[in-house]
Amino acid sequence: MQIKKHLYSFTYDNTERELCHLESRAVFNQEEENKLIFSDIKIAPSSSAFIKSRLDISLFSENYASLIQAIKKEKISIEGFKVEYLVIKGDTTEYKQRLEKLKDIGYSIEGDPDYYHPTITYALCNYGGIWFFGVLIKDKFDWQKHQKKPCSYSNSININTAKALVNIAGNADQEKTLLDACCGAGTIMLEACFSEKKIEGCDINWKLCRDARRNIAHFNYSATIYRSDIKDISKRYDAAIIDLPYNLLSAATDKDIKHIIESSSAITDRLVIVSTTDITKIIEEIDFQISDYCIVPKKGNLKFVRKIWVCEKVG
Ligand SMILES: C[S@@+](CC[C@H](N)C(=O)[O-])C[C@H]1O[C@@H](n2cnc3c(N)ncnc32)[C@H](O)[C@@H]1O
């Protein structure tokens, strides 16, 4: 097994499986397997709705006693540490043995542990017969505060999908410039701002622009929102996210859909489009190609399916 710097653990339900895979292809160039990914790419777990934790691997060994020796050799001295055992699929170590191992590690670190308010969390796990040790960074779910944004609409995209769209559009590259071309109340923008991505928004509806600005300001973020038809935006972006109008609150004809996609394609070479209908013909017509795709059924209404299309400019 080729050892990488980080081990990511994932969580998702059946309706989000495809979306999680699309996000991991965009971010890690691979899909998670057994809800795990080993990668040298470093991202904050809280930037994705599907990453539970990231283990920054500092030591590993096939031999458990050697790993403990290696930990002792590090002479780690820290107050308020905690050690957790990450149970990974295929690891048959029983609960009692796991506790013993946590004690072994605890006694190898100098300082008093603090289970409830740790200053740092270490973790041990076994995968494929290899023992891994390192610092564990967990998703703190603080982004869930966005569920209580001051202005919301029933047609706003859900927060997990919003986070995934940001990662898919920007490949988790902090430097990429993103546009939320039909930003509505700013659900996608909030997730981008939380992860400190470079994002701007645009919406033709002034009330929605006002609400998006309120939402952004409420959480002390800052991002520009243009009250504009997307056709009038001339600034270029590395990628644009388009959550197309699809229901009563934001009804749109086929002509409107084509207009939005076509106008966005003039200012970027990468589009991440959310639609409820098939847009393949439009993508061909604007000289883009579909490089990735998934469907996301709505929780509680599996008949309502959102399609997510990743499209790149041809040539
Ligand atoms: C499905 S909603 C977006 C919802 C948004 N993602 C959210 O979570 O609040 C689609 C949005 O597209 C906007 N829109 C429609 N035509 C547009 C155009 N030509 N240029 C910019 N925005 C447009 C609508 O005002 C509407 O807010």
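Which of the 22 residues around the ligand come nearest? In this predicted model, they are Ser156, Cys182, Gly184, Thr187 and Asp243. Sorted by class, the shell around the ligand holds twelve nonpolar residues, with six polar and four charged ones besides. Some secondary-structure elements chip in more than once: helix 5 (187-194), strand 8 (198-203) and helix 7 (254-265) each give the shell at least two residues.

Stepping back to the whole protein, there are eight helices and 13 strands to keep track of. Along the principal axes, the C-alpha atoms fill a box of roughly 65 × 40 × 35 Å. Of the 315 residues, 39% are buried. Sequence-distant pairs show up a lot in the contacts: taking those between residues at least 6 apart in sequence, 71% join residues at least 24 apart.

Strand 10 (residues 239-243) is a good place to zoom in, since Asp243, one of the residues that come nearest to the ligand, sits on one of its faces together with Ala239 and Ile241. Ala240 and Ile242 are on the other side. Side chains in a regular strand alternate between the two faces of the sheet. Here both faces are covered, and five of the strand's five residues are buried.

Strand 10 also has pairing partners. Strand 7 (residues 177-180) runs parallel to strand 10 and is joined to it by three bridges, with Asp180 partnered by Ile241. Strand 11 (residues 270-275) pairs with strand 10 in the parallel sense too, over four bridges; there, Leu271 is the bridge partner of Ala240.

Terms used:
Residues numbered from 1 in each chain as written. Predicted model: local features only at pLDDT ≥ 70, side-chain atom pairs only at ≥ 80, totals over all residues. Near = placed C-beta within 6 Å. Nonpolar A, V, L, I, M, F, W, Y, C, P; charged D, E, K, R; others polar. Buried ≥ 20, exposed ≤ 12 C-beta atoms within 10 Å, placed from the backbone. Contact = placed C-beta atoms within 7 Å. Pairing = 2+ DSSP bridges.
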